[in-house]
Amino acid sequence: MAAGEMDREVYGNHGGNSGVRYFAFGPSSIRVWFKGDDGYEYDDSRPGRAHVDAMKRLAAEGRGLATYINRHIRGNYARKL
């Protein structure tokens with residue numbers, strides 16, 4: 001694994017119909033991969049610490065992450081992977 005890479009985890013998808021496939025946590029970021037392998041990184045600068053913390057909680061719970069991103073984040077990501 002290259003420097004700065006994070007291990008992907010399979011998203012729990014307890015709701016059964018999420019577009020999220022994988023996620024990975026960094027110290028101040030979260031990376032999310034959607035169906036179709038589109039991946040995005042969200043961090044303290046975009047969309048901000050409060051959103052990153054909420055996204056990490058939802059990812060760990062395996063429920064509500066895609067809905068949260070669609071409602072609160074949309075295109076406000078730090079970078080596309």
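**Sheet and helix packing in a predicted model**

Good morning. I begin with one residue pair: Glu 9 stands opposite Phe 23 in strand β2. Please bear in mind that the model before you is predicted.

The pair leads us to the pairing of β1 with β2, residues 20–26, which is antiparallel and runs over two bridges. In general, the strands of a sheet pair through backbone hydrogen bonds, in either a parallel or an antiparallel manner. Here, five strands form an open sheet in the order β1-β2-β3-β4-β5, and the pairing is antiparallel. The edges are taken by β1 (9–10) and β5 (79–80); each has a single partner strand, so one side of each is left without a neighbour in the sheet.

I turn now to the helices and the sheet. Helix α1 lies across β2, β3 (29–34) and β4 (39–43), and runs at about 55 degrees to β3. Helix α2 also packs on the sheet, where it touches β2, β3 and β4. The direction of α2 makes about 110 degrees with that of β3.

How, then, do α1 and α2 pack against each other? Helix α1 spans residues 49–61 and helix α2 residues 65–73; the angle between them is about 160 degrees, and their axes are 9 Å apart. Angles over 145 degrees count as roughly antiparallel, and α1 is therefore roughly antiparallel to α2.

Which residues make this contact? From α1 come His 51, Ala 54, Met 55, Leu 58 and Ala 59, and they meet Leu 65, Tyr 68, Ile 69, His 72 and Ile 73 of α2. Of the residues in the contact of α1 with α2, eight are nonpolar, two are polar and none is charged.

Thank you for your attention.

Notes. Residues are numbered from 1 along each chain as its sequence is written. This is a predicted model: local features need pLDDT of at least 70, side-chain atom pairs count only at pLDDT 80 or more; totals for chains, interfaces and linings use all residues. Side-chain values use heavy atoms; hydrogens and water are left out. Axes are lines fitted to C-alpha atoms, for helices over the stretch in contact, and angles run from 0 to 180 degrees between N-to-C directions. Helices (H or I, at least four residues) and strands (E, at least two) are DSSP runs, numbered from the N terminus. Angles under 35 degrees count as roughly parallel, over 145 as roughly antiparallel, 65 to 115 as roughly perpendicular and the rest as oblique. Contact means heavy atoms within 4.5 Å. Ala, Val, Leu, Ile, Met, Phe, Trp, Tyr, Cys and Pro count as nonpolar, Asp, Glu, Lys and Arg as charged, and the others, Gly among them, as polar. Two strands pair if DSSP finds at least two bridges between them.
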